[in-house]
Amino acid sequence: MSKQVTIESVRTEFRTDSKLVAKNPEKHESLKIKFLGRKGLVAKLFSQLSKVSDKDRPKHGKDLNNLKYEISTFFDKNKKNKAGSSTGPTDSTLPGPKFKIGYEHPLQKTLDDIKNIFKNLGFSIAYGPEVDDDFHNFSALNFPEEHPARDMQDTFFIEKDIVLRTHTSNVQVHLMEEEEPPLRYIVPGRVYRNESISFKSYCLFHQIEGLYVDKNVSFADHKAILEFFVKQMFGSNTKMRFRPSFFPFTEPSAEVDIWSEKSGQWLEILGSGMVDPEVFKSVNIDENIWSGFAFGLGVERICMLKYGIDDIRLLYQGDIRFLEQFK
Ligand code: DAH
């Protein structure tokens, strides 16, 4: 049978032994095992705890924890000192540590690329509120009262009539309220949707809205501008198509798809159309004088297509192993 030990006997033994470590640092490891190892003295004391009477156990347990704390602190501190002193004198001629250089985030790069293409076409950049009222996010854009986009399932409501904007189209309304045409703007920004998070959707993402209002703007102008954008962004050989679609605030409406060789299918990259006369009416612009087109691009979508990223969540995790691939 192994020798019985007491808290007191272990404490005395530790205090004697710890002086030894100070003189012989190489004893550090073996003494640590002697006291703190799986079969060490402290473990032994703990295994004896069950034999202590119920009455004495709380005090005994506390004493034992104090002892364990004293011993572990000693070994932790000693290890640090040892590491500190082992570096020796500094050789100032050695090369310093290498610093990693940061790179532009692929999402930022995509945003900047898109902005530059439209800037070269004479568009200015505007920004608008991320928290907005129902009028700017929905009503003025001709969304009927019972439209499913207004559903709590899809939209984050702050109050009854205040939402986190679900698209950057709200800024179309602000721009037309605040300025007289002609207008030629793009609006980058964050938008929010109450969607379950998956590889293809996130509760927050980025859009760039475009708005072009002038006299005699035609559907052909709208087509030409978007075609130019796609060829600049994805290369002049990119296959693209305009597909008829529906948005409450444009008439006629279209979606633009580009052909993906990799996945062998058409992929949607933006929605667009001619500004619906109802929208002009809600912001007091005379639809008999002015016409225009609007479009909305999903920045994450374009970024993922351009760089072959297959999970949207990668864009928000700040994982350096992912980001380093975009040097
Ligand atoms: N707001 C639309 C969305 O979030 C995108 C969009 C479609 C914007 C057509 C437009 C447009 O300006 O004309 O799905």
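Asn-216 is exposed, with a relative accessible area of 71%. In this predicted model, Asn-216 sits in the loop that joins β6 to α8 (219-234). Its phi is positive, at about 55 degrees, although Asn-216 is not a glycine. Most residues other than glycine have a negative phi.

A positive phi is also found at Asn-142, again in a residue other than glycine. The value there is near 70 degrees. Asn-142 belongs to the loop between α6 (134-137) and β3 (157-159). Asn-142 is classed as partly exposed because its relative accessible area, 30%, falls between the limits of 20% and 50%. Asn-216 counts as exposed because its 71% is over 50%.

Two peptide bonds depart from the usual geometry. Most peptide bonds are trans. The bond from Pro-181 to Pro-182 is cis, with omega near 5 degrees. Pro-182 is placed in the loop between α7 (170-178) and β5 (183-192). The bond from Glu-251 to Pro-252 is likewise cis, with omega near -5 degrees. Pro-252, however, lies within a strand, β8 (residues 250-260).

The overall architecture comes next. The chain contains 11 helices and 10 strands. It is divided into domain 1, residues 7-84, and domain 2, residues 106-326. The C-alpha centres of domain 1 and domain 2 are 66 Å apart. Along the principal axes, the C-alpha trace spans about 100 × 60 × 40 Å. The radius of gyration of the chain is 34 Å, whereas a compact globule of 327 residues would have a value near 20 Å. Buried residues account for 39% of the 327 residues.

Tyr-103 lies in the loop between α4 (57-85) and α5 (106-120). With a relative accessible area of 41%, Tyr-103 is partly exposed. This value is too low for the exposed class, because that class begins over 50%. Tyr-103 and Gly-128 are 25 residues apart along the chain. Their C-alpha atoms are separated by 28 Å.

The ligand is surrounded by 15 residues. Of these, His-167, Ser-169, Arg-193, Gln-207 and Glu-209 come nearest. The shell divides into 4 nonpolar, 9 polar and 2 charged residues. Three strands each supply at least two residues of this shell: β6 (204-214), β9 (265-275) and β10 (291-298).

Polar contacts to the ligand involve both side-chain and backbone atoms. An N or O atom in the side chain of His-167 is 3.0 Å from a nitrogen atom of the ligand. A polar side-chain atom of Gln-207 lies 3.0 Å from a ligand oxygen atom. At Phe-295 the partner is a backbone N or O atom, which lies 3.2 Å from an oxygen atom of the ligand. On its own, the ligand has 350 Å² of accessible area, and the protein covers 88% of this.

Key: Residues are numbered from 1 along each chain as its sequence is written. This is a predicted model: local features need pLDDT of at least 70, side-chain atom pairs count only at pLDDT 80 or more; totals for chains, interfaces and linings use all residues. Side-chain values use heavy atoms; hydrogens and water are left out. A residue is near a molecule or strand if one of its heavy atoms lies within 4 Å of it. A polar contact is a pair of N or O atoms within 3.5 Å; within protein, one must be able to donate a hydrogen and the other to accept it, and residues adjacent in sequence count only if both atoms are side-chain atoms. Accessible areas come from the Shrake-Rupley method with a 1.4 Å probe; for residues, only the protein chains shown count as cover. Helices (H or I, at least four residues) and strands (E, at least two) are DSSP runs, numbered from the N terminus. Ala, Val, Leu, Ile, Met, Phe, Trp, Tyr, Cys and Pro count as nonpolar, Asp, Glu, Lys and Arg as charged, and the others, Gly among them, as polar. Domain bounds come from an automatic or database domain assignment. The radius of gyration is taken over C-alpha atoms; the globule rule is 2.2 Å times the number of residues to the power 0.38. Buried means under 20% relative accessible area, exposed over 50%, partly exposed in between (1.4 Å probe, protein chains only).
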